[in-house]
Amino acid sequence: MNLKSCLVSVAIIGSWLLSYPVFAQISSTNVLVFSKTASFRHQSIAAGITALTKMSKEKGFNVSFTEDATQFTEGNLKKFNAVIFLNTTGDILNNEQQTAFERYIQAGGGYVGIHAATDTEYDWPWYGKLAGAYFLDHPSTPSNVQKGKFSVTEKNWATQGMPDEFERTDEFYSFKDISPNIKVVLEIDDKSYIGGKNPDFHPMGWYQEFDGGRSFYTAMGHTDETFSEPLFLNHLSAGIKYAVGGDAPKPVDFSKAKPEENRFTKVVLEEKLDEPMELSVLNDGRILFIQRKGEVKLYNTKTKELKTITKIPVSTKYKNKEGKETMGEDGLLGLNKDPNFAQNHWIYLYYSVPEEPKNVLARFELKGDELDLDSKKILLEIPTQREECCHTGGSIAWDKAGNLYLSTGDNTNPHGSSGYSPSDEQEGRMAWDAQKSSANTNDLRGKIIRITPKADGTAGAAPYSIPEGNLFPKGTALTRPEIFTMGHRNPFRISVDQKRATYIGERLGRMLLNLIRAEGQLVTMK
């Protein structure tokens, strides 16, 4: 071989090396493809495995295939940057495997769902949110496989190279429980085929950040031919790249995930308590809690000592017009520490004063193990009726901006309306009429109240200010600006997610959980 031909050969080999990902053999990007089915099994799973094997070589990532659910453990999942659910169906993971996968996503892992991945795990709500929707149905007449018209809704990495509109043949899923958090990149026109069930909004491809990880879903993938279409393969490849974390994926970190339940041990600190209502962990080895009849108790985790540090005088009974007394729900209802407790030692209590029918929100200073009653500063006074039971609410919570949330019940007897809404406008029936309270924009009962306490309390200045975003702007006629949400029956205990939402536990004989998202949506979970 002469020198010229040798140089030509070297040039050709060099050109091939430059065009093919040379890191394919040493890639640190690992993907697990899971194709277990417990319901309908798609023939195209085999075509998908073939296509993903080829793609992994072309794009330079390592791929493993399994239908063995026992691989869903922390020890195994931590090897992978993303898990692809390839046309999975039905209930395919047990409780322990579900927990492992949830923690994997929380650890920064990625998820890719292909076609029937939304026809999977209907009794696992977390999975439905991860996938972004659940399968509703697909056409059957004239055929389950038809031609339809797609449109690109977002020009980005997921739709690169796609025309704005195009037609393709596949089985087109309709969806239910579509998450409002998904970012949709493809839609289908229901009028372009027969049998669509999402006429106003029919997404077919989307992505989202979810619970610490990343999720990508494509509804394409029923037919074998799909896995040979360049348009689909480019779309899927982009989704995989997104799910693994881009060009330089980071290993998943299980220290960021929620710990498994079996890592917790329940320890009973004290028993035979008398109606404990709310507690606050003081972060110095002490736990402060209250009992409805007025006791403020302090438990020391170091000395194992429980003591009553004071008793707040409270009203616990009702007296009707005939003079009959009954035990009610009033009393010492709510407790929380100030966000800056370590510096200011402030404690907030919500309770029913005995002198007159009203509940108050007050602030006290905890000096050592003693609650200084002389330090009391009243922030809010809420008039009530004490003729008939019930519904007091009374939980206190904080958000990360330093706003205080207080829940109040509708102060209404629910037992005189035969299961219907307590709206009784007859004379003398105010105690049975929630229109006076939860439906009243100028009353603080039946509400979630949100205020920003001021350090100077009631010392010649307003004890709080009104944060932006409450239900009624300050100065609106016949309203109270403190109201964050209204229309509540008995929001007994609330919790504020420091990232995005307020959770309200309503006592209705059964438990309702209301979630108020940061963007103002109210969702009820039964």
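This passage walks through the fold of one protein chain, from its sheets to its empty spaces and a few unusual backbone spots.

The model described here is predicted. Its protein chain holds 7 helices and 30 strands. Of the 526 residues in the chain, 52% count as buried. Contacts also reach across the sequence: among those between residues at least 6 apart, 59% join residues at least 24 apart.

A good place to begin is the sheet built from 9 strands. Reading across this open sheet, the order is E2-E1-E3-E4-E11-E10-E9-E6-E7, and the pairing is mixed. Strand E2 (62–66) and strand E7 (165–171) stand at the edges; each has a single partner strand, so one side of each is left without a neighbour in the sheet. From one strand to the next, the twist averages 20°. At the E7 edge, the partner is strand E6 (residues 145–152), and these two pair in the antiparallel sense over 7 bridges. To find a spot in this pairing, look for Gly 148, which stands opposite Arg 168 in E7.

Further along the chain, another open sheet is formed by 4 strands, in the order E12-E13-E14-E15, with antiparallel pairing. Here strand E12 (276–281) and strand E15 (305–311) are at the edges, and because each has a single partner strand, one side of each is left without a neighbour in the sheet. Neighbouring strands of this sheet are turned by 25° against each other on average, direction ignored. Strand E14 (residues 295–300) pairs with E15 in the antiparallel sense over 6 bridges. In this pairing, Val 296 has Thr 310 of E15 as its bridge partner.

Moving from strands to a helix, Gln 98 offers a view of how one side chain is placed. This residue lies in helix H4, which covers residues 95–106. Is Gln 98 buried or exposed? Its relative accessibility is 11%, and the cut-off for buried is under 20%, so Gln 98 counts as buried. Its side chain is joined to that of Glu 121 by a polar contact of 3.2 Å. Leaving aside residues up to four places away in sequence, Gln 98 touches Asp 91, Leu 93, Glu 121 and Trp 124.

The next topic is empty space. Rolling a probe the size of a water molecule over the atoms shows where such space is left. The second largest pocket has a volume of about 480 Å³. It is lined by 20 residues, and the closest to its centre are Lys 59, Ser 237, Lys 241, Gly 246 and Asp 247. Two helices, H2 (44–59) and H6 (230–244), each supply at least two residues of this lining. Which helix gives the most to the lining of the second largest pocket? That is H6, with 7 residues.

The structure also holds 1 cavity of 30 Å³ or more. About 70 Å³ of space lies in the largest cavity. Its lining is made up of Asp 330, Tyr 350, Asn 359, Ile 382, Thr 384, His 391, Thr 392, Thr 408, Gly 409, Asn 411 and Arg 445.

Finally, a few places in the backbone deserve a look. Most residues other than glycine have a negative phi, and most peptide bonds are trans. With that in mind, consider the bond between Thr 141 and Pro 142. This peptide bond is cis, with omega at about -5°. Pro 142 is found in the loop between strand E5 (134–137) and E6, and E6 is the strand that pairs with E7 in the sheet of 9 strands.

Two other residues stand out by their phi angle. Asp 177 is not a glycine, yet its phi is positive, at about 50°. This residue lies in the loop between strand E8 (174–176) and strand E9 (183–188). With a relative accessible area of 58%, Asp 177 is exposed, since the cut-off for exposed is over 50%. Lys 272, also a residue other than glycine, has a positive phi near 60°. Its place is in the loop between H6 and E12, so on one side of this loop is the helix that gives 7 residues to the pocket lining, and on the other is an edge strand of the sheet of 4 strands. Lys 272 is exposed, with a relative accessible area of 87%.

Technical notes. Residues numbered from 1 in each chain as written. Predicted model: local features only at pLDDT ≥ 70, side-chain atom pairs only at ≥ 80, totals over all residues. Heavy atoms only, no water. Pairing = 2+ DSSP bridges. Axes fitted to C-alpha atoms, helices over the stretch in contact; angles between N-to-C directions. Buried < 20%, exposed > 50% of the residue type's maximum accessible area, 1.4 Å probe, protein only. Polar contact = N/O pair within 3.5 Å; in protein donor to acceptor, adjacent residues only side chain to side chain. Contact = heavy atoms within 4.5 Å. 1 Å grid on protein atoms, 1.4 Å probe; cavity = no way out; pocket = protein on both sides within 12 Å on 5 of 7 lines; lining within 4 Å. Points joined across faces, edges and corners; volume = space filled by probe spheres on them.
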